Each structure stands twice: as C-alpha cells, then as structure tokens.
Amino acid sequence: MPGGAGAHGHPYGRPDHAHDRPGGHAHGHGHADQDAGHGHVPDPDHRRAGDDGETVTLEQRVLAKNDLLAEENRSWLAARGVVAVNLMSSPGAGKTTLLERTVRDLAGRREVAVVEGDQETMLDADRIQRAGCAVVQVNTGAGCHLDAAMMRDALTELAPGEGSLVLVENVGNLVCPALFDLGERSRVVIISVTEGTDKPLKYPYMFAAADLVLVNKVDLLPYVDFDLDRCAEHARSVSPGVRVLPVSATTGEGMAEWYAWVARQYGPDAAVSAAAR
C-alpha cells in the first residue's frame with residue numbers, strides 16, 4: 001500500500017490487539033474520531049450565508065483526504081481479490097436481516113466478513129456473528145456515516161482472506177453515506193416496500209451513487225401501498241440503467257439473483273477504480 005507501510009508494518013496486517021471469539025471469528029469495535037470530517041456531513045456545494053468560503057474549503061479537504069484513503073483501501077482489496085460491497089439504507093429497511101441470510105446462504109461457497117456501522121451498541125454485530133462470519137463493529141458516535149479511515153481500521157481487524165467478500169452495513173440514513181467513498185467495489189442501496197414509492201426522488205444523490213437497488217420486504221406488497229414499477233422508474237430517472245432487484249430477506253424471494261449479482265463483482269475488471277465507474 002502507498003504511504004511507507006514497509007517501515008512501520010503493513011497498516012492492513014492483523015494487529016496484535018485483534019481477538020478471536022468461538023469459531024475463529026474476529027469480533028471487534030471502533031469509535032469514530034470526532035474531527036472535522038466526522039462531526040457533520042461535508043457538502044462541497046454548500047455555503048452558509050455570510051461566510052467567506054472557509055467552510056467550503058475545509059469540507060473539500062475532508063473529502064479529498066477521504067478519497068485518497070479510499071483509493072489505498074481499494075488497491076489493497078484488489079491486490080487480494082477481495083470484493084467489498086457497501087450496503088446503504090434508511091433505518092428499518094432490513095439491511096441486517098438481509099446480511100444474516102446472505103452470510104448463512106453463502107456459507108461454504110465463499111468466505112464472508114462484515115463491517116457493521118452504527119452510532120452505538122454491538123447489537124447488529126452480535127446478530128451477524130451468530131449467523132456465522134467474522135464481523136467488526138464500528139461505532140461512529142455522533143457521526144452519520146462510515147468513512148475510508150474507519151474502513152481501513154475495520155479491514156485491519158478483519159484481515160479478510162484472498163478472494164473473500166466484505167459486506168459493509170453503513171450507518172442507517174440516505175444522505176451522508178453517499179458522499180464518502182470507502183474503497184468499496186460496489187454500492188448497493190436497499191429500500192423496503194414500507195418506505196414509499198417516491199424514495200429515489202427524495203434522496204436522488206444516494207440513488208445516483210447506486211450500482212444496484214434492492215427493494216426489500218416484497219412479501220409485504222399485498223399489505224402496503226407501493227408501486228414496484230414506478231419505484232424502479234424513479235430510481236432510473238436519477239441513475240439511468242441501474243438494476244432494481246425485488247427481494248425478501250424473510251422468505252428468500254429474489255435472493256438467488258442477489259447472490260448472482262455479487263458473484264459477478266469478481267469479474268476481470270474487479271480492480272477498476274471509483275474514478276472509472
């Protein structure tokens with residue numbers, strides 16, 4: 001990795017403080033550094049009335065630093081054939097349930113590790129560990145997103161094997177995570193049929209960043225007012241050509257197509273940088 005890793009030990013090598021739980025699964029947690037990049041969401045286009053541009057400059061620097069770290073993460077992952085997928089959604093869309101089923105269904109087919117992002121608690125990490133894979137909890141405190149530095153630290157703790165899959169459950173909201181590249185291969189936005197058909201129009205930046213949209217909880221369609229076709233149209237209006245895949249993490253509907261999509265991320269162009277997306 002760039003940055004003189006050899007002189008001080010590889011920054012992604014398994015650290016001495018990493019500890020194992022039953023079954024050999026690494027399980028740890030981290031806390032966000034509450035610096036200029038973690039206490040609020042930088043918006044490069046935002047300028048408060050009356051300021052002199054210093055806020056904009058600071059926010060641009062935060063994002064530039066994050067992007068540099070993200071490229072280092074991406075290079076490190078690509079060199080090991082590891083695919084990282086960033087899962088983003090609002091709270092309650094079913095990310096953790098989808099992760100639990102994915103971990104169980106892929107057991108024996110591919111090594112899977114999970115980075116859990118939440119403001120507080122180890123609750124989701126405990127659920128994922130019980131599903132049977134290595135997991136690291138990253139608690140962001142007041143922060144509303146994971147960033148590339150947190151991802152780097154989580155990878156250090158996880159030390160994923162060659163060719164493995166790293167699934168990232170980002171902090172639950174549809175605004176902040178879209179701005180921060182983690183070095184992932186792909187971004188997946190998850191919404192549920194209980195959230196409303198027009199969600200892509202309300203949060204266009206998030207959906208514009210998506211490589212795939214999963215519409216979860218389709219088993220509830222008979223009981224809610226949700227138009228799957230219109231939602232897909234809205235998603236493609238902000239991200240032309242994006243695939244929209246209906247799934248139910250509860251019943252298993254559509255999950256085979258989700259796994260097939262994940263498998264395709266291991267294609268010959270898997271090391272492409274975010275700039276080329």
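Select Asp-147 to begin: in this predicted model, Asp-147 caps the N-terminal end of helix H5, with one of its side-chain oxygens lying 3.2 Å from the backbone nitrogen of Ala-149. From there, extend the selection along helix H5, which covers residues 148-158 and is mostly covered, since nine of its 11 residues are buried. Ala-149, whose backbone nitrogen takes part in the cap, is itself one of the buried residues, and others among them are Met-150, Met-151, Leu-155, Thr-156 and Glu-157.

Next, step off the end of the helix to Ala-159, which comes just after H5 and takes a positive phi of about 45°, although Ala-159 is not a glycine. This residue belongs to the loop between H5 and S6, and because its relative accessibility is 29%, Ala-159 counts as partly exposed.

Follow the chain onward into strand S6, residues 165-169, and select Val-166, which has its place there. Is Val-166 buried or exposed? With a relative accessibility of 0%, Val-166 counts as buried. If you then add Arg-185 to the selection, you will have two residues that are 19 apart in sequence, and their C-alpha atoms are 9.8 Å apart in space.

Now go back along the chain to a pair of helices, selecting H3, residues 95-106, together with H4, residues 123-131. Two packed helices are described by the angle between their axes and the distance between the axes. Here the angle is about 20° and the axes are 9 Å apart, which means that H3 is roughly parallel to H4. When you turn the view to look through one helix at the other, note that the crossing of H3 and H4 is right-handed.

Beyond H3, select Arg-110, which lies in the loop between H3 and strand S4, the latter made of residues 112-118. Because its relative accessibility is 31%, Arg-110 counts as partly exposed. What lies beneath the charged end of Arg-110? The ring of Tyr-266 does, and the charged end of Arg-110 sits over that ring at 3.7 Å from its centre. Adding Gly-163 to the view shows another partner in space, for Arg-110 and Gly-163 are 53 residues apart in sequence, while their C-alpha atoms are 8.0 Å apart.

Tyr-266 can serve as a landmark for the next stop, which is the pair formed by Trp-258 and Trp-261. The structure holds one aromatic pair, and in it Trp-258 and Trp-261 are stacked, with 5.8 Å from centre to centre and 15° between the planes. Both residues belong to helix H9, residues 255-264, and because they are three residues apart in that helix, Trp-258 and Trp-261 are separated by about one helical turn. As you colour the selection by accessibility, you will find that Trp-258 is buried and that Trp-261 is buried as well.

Move now to strand S5, residues 134-139, and select Asn-139, which lies in it. Asn-139 counts as buried because its relative accessibility is 5%, and its side chain makes a polar contact of 3.2 Å with the side chain of Gln-137.

The next selection is Lys-217, in the loop between strand S8, residues 212-216, and helix H8, residues 228-238. Lys-217 is a residue other than glycine with a positive phi, near 65°, and because its relative accessibility is 24%, Lys-217 counts as partly exposed.

Continue into helix H8 itself, where Ala-235 is found and where Ser-237 also has its place. How do these two residues stand with respect to burial? Ala-235 is buried, with a relative accessible area of 1%, whereas Ser-237 is partly exposed, with a relative accessible area of 49%. Zoom in on the side chain of Ser-237, and you will see that it reaches the backbone oxygen of His-234 at 2.6 Å.

To end the tour, keep helix H8 in view and select two further residues, Tyr-203 and Ala-208, as partners in space for Ala-235 and Ser-237. Ala-235 and Tyr-203 are 32 residues apart along the chain, and 9.8 Å separates their C-alpha atoms. Ser-237 and Ala-208 are 29 residues apart in sequence, with 8.9 Å between their C-alpha atoms.

Methods
Residues are numbered from 1 along each chain as its sequence is written. This is a predicted model: local features need pLDDT of at least 70, side-chain atom pairs count only at pLDDT 80 or more; totals for chains, interfaces and linings use all residues. Side-chain values use heavy atoms; hydrogens and water are left out. Helices (H or I, at least four residues) and strands (E, at least two) are DSSP runs, numbered from the N terminus. Buried means under 20% relative accessible area, exposed over 50%, partly exposed in between (1.4 Å probe, protein chains only). A polar contact is a pair of N or O atoms within 3.5 Å; within protein, one must be able to donate a hydrogen and the other to accept it, and residues adjacent in sequence count only if both atoms are side-chain atoms. Rings of Phe, Tyr and Trp (its six-membered ring) pair if their centres lie within 6.5 Å; planes under 30 degrees apart count as stacked, over 60 as edge-to-face and the rest as tilted. A charge sits over a ring if NZ of Lys or CZ of Arg is within 6 Å of the ring centre and within 35 degrees of the ring normal. Axes are lines fitted to C-alpha atoms, for helices over the stretch in contact, and angles run from 0 to 180 degrees between N-to-C directions. Angles under 35 degrees count as roughly parallel, over 145 as roughly antiparallel, 65 to 115 as roughly perpendicular and the rest as oblique. A crossing is left-handed if the near helix is turned anticlockwise from the far one by less than a right angle, and right-handed if clockwise.
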